[in-house]
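Reader: I am new to this structure and would love a close look at how its parts are arranged. Could you take me through it step by step?

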Amino acid sequence: QHKYRIASIPADGIGPEVVSAAIEVVQKLSEVSKTFEIEFTHIPWGTAYYKEHGRYVDENVLDVLRSYDATLFGSVGAPDVPDHISLWGLLLAIRGPLQLYANVRPVRTFPGTQSPLRNAKAGDIDWILVRENSEGEYSGHGGRSHRGQVWEVATEVAIFTYVGVERIMRFAFAQAQARPRKLLTVVTKSNSLRNGMVLWDEVALKVSKDYPDVKWDKMLVDAMTVRMVNNPESLDTIVGTNLHMDILSDLAAALAGSIGVAPSSNLDPTRKNPSLFEPVHGSAFDITGKGVANPVATFWSAALMLEWLGEQDAKERLMEAVENVCQAGILTKDLGGTATTKDVTKAVCDEIARLGKGK
Ligand code: NAD
Ligand code: IPM
Ligand code: MN
């Protein structure tokens with residue numbers, strides 16, 4: 001029996017609501033399957049911590065996280081702290097420094113739920129978005145001079161390195177190769193952006209030679225938004241820059257049904273550092289504390305975490321339970337239902353117990 005130690009950072013907004021729901025569901029899985037044990041350690045970093053201590057995380061943040069097998073993260077951001085302070089204080093202080101360079105964001109329409117696209121059929125939206133997670137506009141390079149003057153200049157430097165682009169491209173080609181359709185779309189903007197984006201195109205061509213069975217094509221990011229809406233079935237695995245995929249992953253989630261189901265893995269594929277798993281959505285101030293947040297994005301993120309840890313069976317059982325619950329119409333408001341976070345959590349736990357007994 002494997003034993004795992006997980007850092008849980010629920011942080012702000014609906015984060016604590018969906019992370020505690022996910023912990024409940026994972027503990028149920030462990031209890032029913034008896035194949036693994038999992039211990040969650042609560043780490044109180046977030047905006048309340050910041051207000052008390054003047055910083056979002058402890059100074060030894062990376063060492064703290066390195067002492068666990070993985071991190072399950074909620075969301076950070078509060079109405080009364082500027083977003084760039086909270087995000088760079090916590091989440092972005094982890095992703096880049098821990099070199100979690102592959103952000104994998106699967107998107108799929110669950111049974112019993114609907115895409116807002118009028119003509120979308122079941123199975124049309126089943127994508128893996130691969131987001132470069134350490135460079136681009138998120139490198140932290142840039143600055144402001146002559147602050148507040150009319151001649152102020154501000155820069156936000158998008159950094160792309162050969163090493164950074166090559167490793168995410170290889171990762172994406174391998175992801176595409178492992179999927180039945182072996183289809184990869186590389187998203188850039190190499191018509192107007194003639195340095196970094198041209199590097200992306202060149203690296204894609206070079207890496208593609210090592211994956212001759214992967215069919216791949218290139219899209220400019222603006223045209224890509226149109227293709228996602230008009231021809232969703234033509235897409236499978238998609239790779240792009242940190243900023244482009246940030247935007248496309250929210251669009252993809254909405255097209256699949258709701259941002260409330262979209263998960264993400266922030267992976268260090270070399271496994272030198274523990275990976276971090278989190279829903280794609282944020283703090284959702286408008287529904288915080290109302291008990292109506294959709295916990296499915298965090299359930300799916302926890303499932304991806306179990307898979308990364310080697311618990312493939314547990315992952316599959318969790319996803320099966322989630323799908324059955326959706327199919328049964330136990331849906332939160334974002335998916336057109338009336339169920340609360342607790343209703344969905346209980347239904348998934350009951351379904352895990354039922355599936356467990358069936359074996
Ligand atoms: P958001 O994702 O928090 O919310 C956008 C909309 O989606 C809202 O209407 C919200 O109610 C809805 N929504 C999100 N998650 C939902 C869920 N699980 N169930 C049902 N509905 C859900 O995006 P935002 O409003 O742009 O950001 C709010 C705050 O969160 C900001 O501070 C932002 O910086 C931060 N943020 C954090 C993360 C993160 O920690 N990973 C991600 C995105 C945004
Ligand atoms: C996401 C979020 C983050 C990002 C923010 C909150 C820093 O939007 O995970 O998609 O831009 O990466
Ligand atoms: Mn985002």
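How many Å separate the centres of domain 1 and domain 2, taken over C-alpha atoms?

Author: Happy to help! This is a predicted model, in which local features need pLDDT of at least 70 and side-chain atom pairs count only at pLDDT 80 or more, while totals for chains, interfaces and linings use all residues. Residues are numbered from 1 along each chain as its sequence is written, and chains are lettered from A and ligands numbered from 1 in the order in which they are written.

Now to your question: the centres of the two domains, taken over C-alpha atoms, are 26 Å apart. Domain 1 is made of 1-99 + 285-359, and domain 2 is 115-256; these bounds come from an automatic or database domain assignment.

What links them? The largest nonpolar core has 98 residues, of which Ala22, Val25, Phe299 and Ala302 touch the most other members. Helix α10 (residues 296-309) gives the most to this core, with nine residues. At least three of the core's residues come from each of domain 1 and domain 2. Such a core is a set of buried Ala, Val, Leu, Ile, Met, Phe, Trp, Tyr and Cys residues joined through C-beta atoms within 7 Å. Helices here are DSSP runs of H or I with at least four residues, and strands are E runs of at least two, numbered from the N terminus.

Look next at Ala302. Leaving aside neighbours within four places in sequence, Ala302 is in contact (C-beta atoms, placed from the backbone, within 7 Å) with Ala22, Val25, Val26, Leu72 and Phe277.

At the end of domain 2 you will find Ala256, which sits in helix α9 (residues 242-256). Ala256 counts as buried because 26 other C-beta atoms lie within 10 Å; the cut-off is 20 or more, against 12 or fewer for exposed and partly exposed in between, with C-beta atoms placed from the backbone. Beyond four places in sequence, its contacts are Val107, Arg108, Thr109, Ser115 and Ile125.

Two ligands complete the tour. Ligand 1 is surrounded by 23 residues, the closest being Gly77, Gly260, His281, Gly282 and Asn294. Around ligand 2 are Leu87, Leu91, Leu92, Asp246, Val280 and Gly282. A residue belongs to such a shell if its C-beta atom, placed from the backbone, lies within 6 Å of the molecule.

Note on methods: Contact = placed C-beta atoms within 7 Å.
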